[in-house]
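Work through the exercises below with the structure open. Try each task before reading its solution.

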Amino acid sequence: YKALAIKKKVLGAEHPDTATTYNNIALAYHAQGDYDKARDLFCRAVIVMNIRKLGEHPHTRSAFTSMRDAYLKAGGKEENFDGWFKERTANYPVWCE
């Protein structure tokens with residue numbers, strides 16, 4: 001998390017490079033099977049990329065797919081995913097604190 005803290009301090013929490021760092025940390029958690037942490041970090045990456053108008057970027061689409069996968073592996077239900085993501089987006093950045 002040290003790299004993330006530095007990026008947030010230097011570039012800001014909503015910079016695309018910060019989103020990339022969220023995504024990279026999420027990939028590590030996903031590989032370790034910690035799907036709750038991975039899901040939330042992928043979600044932060046996707047939200048930041050959407051804020052920066054990069055919703056159609058291949059990295060954003062990949063992070064979104066990974067977020068959905070982590071959500072399901074963490075025990076979420078497919079039919080609840082859209083509502084979960086909308087709630088997270090509506091409550092950003094409060095749920096990140």
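The exercises that follow cover a predicted model.

**Exercise 1. The core**

Find which residues have the most contacts inside the largest nonpolar core, and which helix gives the most to this core.

Solution.
- Step 1. The largest nonpolar core has 25 residues. Cys43, Met67, Trp84 and Phe85 have the most contacts inside it.
- Step 2. Sort the core by helix. At least two residues come from each of α2 (16–32), α3 (35–51), α4 (58–73) and α5 (78–90).
- Step 3. α3 gives the most, with nine residues.
- Step 4. Now take Met67. Leave aside its neighbours within four places in sequence. Its contacts are then Arg39, Phe42, Cys43, Val46, Phe81, Trp84 and Phe85.

**Exercise 2. Helix α3**

Determine how many residues of α3 are buried, and what they pack against.

Solution.
- Step 1. Check the geometry. α3 has 17 residues and reaches 24 Å from its first C-alpha to its last. That is close to the 24 Å expected at 1.5 Å a residue.
- Step 2. Apply the cut-off: buried means under 20% relative accessible area. In α3, 12 of the 17 residues are buried, so the helix is largely enclosed by the rest of the structure.
- Step 3. Inspect the list. The buried residues include Leu41, Phe42, Val46 and Ile47, and also Arg39, Asp40 and Arg44.
- Step 4. Find the partners. The buried residues of α3 pack against α2, α4 and α5.
- Step 5. Look past the helix. α3 is followed by Lys53, which has a positive phi, near 65°.

**Exercise 3. Salt bridges**

Classify the partners of three salt bridges as buried or partly exposed: Asp34 with Lys37, Arg39 with Asp40, and Glu78 with Arg68.

Solution.
- Step 1. The whole structure has seven salt bridges.
- Step 2. In the Asp34–Lys37 pair, the closest N and O atoms are 3.9 Å apart. Asp34 is partly exposed at 25% relative accessible area. Lys37 is partly exposed at 41%.
- Step 3. For Arg39 and Asp40, the closest N and O atoms are 3.0 Å apart. Both residues are buried.
- Step 4. For Glu78 and Arg68, the corresponding distance is 3.2 Å. Glu78 lies in α5 and Arg68 in α4, so the pair ties together parts 10 residues apart in sequence. Glu78 is partly exposed at 41%, and Arg68 is partly exposed at 25%.
- Step 5. Trace shared partners. Asp36, Arg39, Asp40 and Arg88 are joined into one network.

**Exercise 4. A surface patch**

Identify which residues make the nonpolar surface patch of about 270 Å².

Solution.
- Step 1. The patch is made by Ile6, Val10 and Leu11.
- Step 2. Place Ile6: this residue is in helix α1 (residues 2–10).
- Step 3. Check its exposure. Ile6 is partly exposed, at 47% relative accessible area.

Methods. Residues are numbered from 1 along each chain as its sequence is written. This is a predicted model: local features need pLDDT of at least 70, side-chain atom pairs count only at pLDDT 80 or more; totals for chains, interfaces and linings use all residues. Side-chain values use heavy atoms; hydrogens and water are left out. Patches are made of residues with over 30% relative accessible area and no salt bridge: like charges are joined within 9 Å, nonpolar side chains (Val, Leu, Ile, Met, Phe, Trp, Tyr) within 5 Å. Accessible areas come from the Shrake-Rupley method with a 1.4 Å probe; for residues, only the protein chains shown count as cover. A salt bridge is a side-chain nitrogen of Lys or Arg within 4 Å of a carboxyl oxygen of Asp or Glu. Helices (H or I, at least four residues) and strands (E, at least two) are DSSP runs, numbered from the N terminus. Buried means under 20% relative accessible area, exposed over 50%, partly exposed in between (1.4 Å probe, protein chains only). A nonpolar core is a set of buried Ala, Val, Leu, Ile, Met, Phe, Trp, Tyr and Cys residues joined through side-chain atoms within 4.5 Å. Contact means heavy atoms within 4.5 Å. The expected span of a helix is 1.5 Å times one less than its number of residues.
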